[in-house]
Amino acid sequence: METSSLAAGLGFDLDFERFATQMVKLLLAYAFCFPMAWDREQRNRSLGLRTFPLVAVASCAFVLVGQSDHGLAGEPQAMSRVLQGIIAGVGFLGGGAIVKQGMTVRGAATAAAVWLTAALGVAVADGELGIAAGLGAIGFGTLRWLGPLKRRAVGGASGADRDGPDRDPLDPAAGSDRGGRRA
Amino acid sequence: MISGARARARRTRGAATAAAVWLTAALGVAVADGELGIAAGLGAIGFGTLRWLGPLKRRAVGGASGAGRDGPDRDPLDPAAGSDRGGRRA
């Protein structure tokens, strides 16, 4: 039996142009979320350089499979159920980043960033590069530069005592604006 | 030093593994649907991320302190976790 007929019998699609397109989409999902992952890692967050890309790529793959010829193409309701599954599943992953300590909840921004990363992966899979790039840029900017504004919002003098729910007071690297970045 | 250890102890561990399990589910669905390209890409990207982003991860949090801060995904109780090779055992 020829390889192509065997592959056809197993239901495998050996279209290399399609393969290349899918690989590019997976890599784009990886690349767009990388700045956020880098920022979270630098700030010593629970989820970082490995978790974010894996979430983005997996989300992208779920939608790509749903869009395949044997998948749910042309069935928007079925695709919406795939999206619901992704959103709920990522919620559990993000929940692992949230730590309650007394009356304070920490890691909420990281959890939200994981959720945003899943949306980014879905956008790339759907060919919406504008949405994906926007999500990546807005997510990175929010995580990176809203920390100082956040501390200003709660009062400059007390900023050292109340670093916000996403900052770890026990972490020696968390005292500066740059969070986990060390010398 | 002690406060750093406390901070590490309170940090979530296993997030990358959880995400990898999720990615593996996507890989299985891709194979079942005949999308070998997606499956191969997921396998390669997942393996590369877990395998080679460890050193980059430690660089992100600072080279000098890397020995003390193994990252949230590393198990301090695992005797094989002291080296860069993580869970690989002799």
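**Exercise 1.** Leaving aside its neighbours within four places in sequence, which residues is A:Ala29 in contact with?

*Solution.* Keep in mind that this is a predicted model. Skip the sequence neighbours within four places, and you're left with A:Ala56, A:Val57, A:Cys60, A:Leu120, A:Gly121 and A:Val124. Now zoom out to the largest nonpolar core, which has 58 residues. A:Ala29 is among those with the most contacts inside it, along with A:Val57, A:Cys60 and A:Ala61. Helices of both chains feed this core with two or more residues each, including α2 (16–42) of chain A and α3 (36–60) of chain B. The largest share, 12 residues, comes from α3(A).

**Exercise 2.** Work out whether A:Phe140 is buried or exposed, and find what it touches.

*Solution.* Start by placing the residue: A:Phe140 sits in helix α6 of chain A. Next, count: 21 other C-beta atoms lie within 10 Å, and buried takes 20 or more, so A:Phe140 is buried. Finally, ignoring residues up to four places away in sequence, A:Phe140 touches A:Pro35, A:Met36 and A:Asp39.

**Exercise 3.** Trace α6(A): find its span, its kink and its packing partners.

*Solution.* First, the span: α6(A) has 25 residues and reaches 34 Å from first C-alpha to last, close to the expected 36 Å. Then look for the bend, a kink of about 50 degrees at A:Leu146, shortly before the proline A:Pro148. For packing, list the buried residues, among them A:Ala132, A:Leu135, A:Gly136 and A:Gly139. The buried residues of α6(A) pack against α2 and α5 of chain A. Just past the helix, A:Gly155 takes a positive phi of about 110 degrees.

Terms used:
Residues numbered from 1 in each chain as written. Chains lettered and ligands numbered in written order. Predicted model: local features only at pLDDT ≥ 70, side-chain atom pairs only at ≥ 80, totals over all residues. Core = buried A, V, L, I, M, F, W, Y, C linked by C-beta atoms within 7 Å. Buried ≥ 20, exposed ≤ 12 C-beta atoms within 10 Å, placed from the backbone. Helix = DSSP H or I, 4+ residues; strand = E, 2+ residues; numbered from the N terminus. Contact = placed C-beta atoms within 7 Å. Expected span 1.5 Å × (residues − 1). Bend = angle between axes of the 7 residues up to and from the residue.
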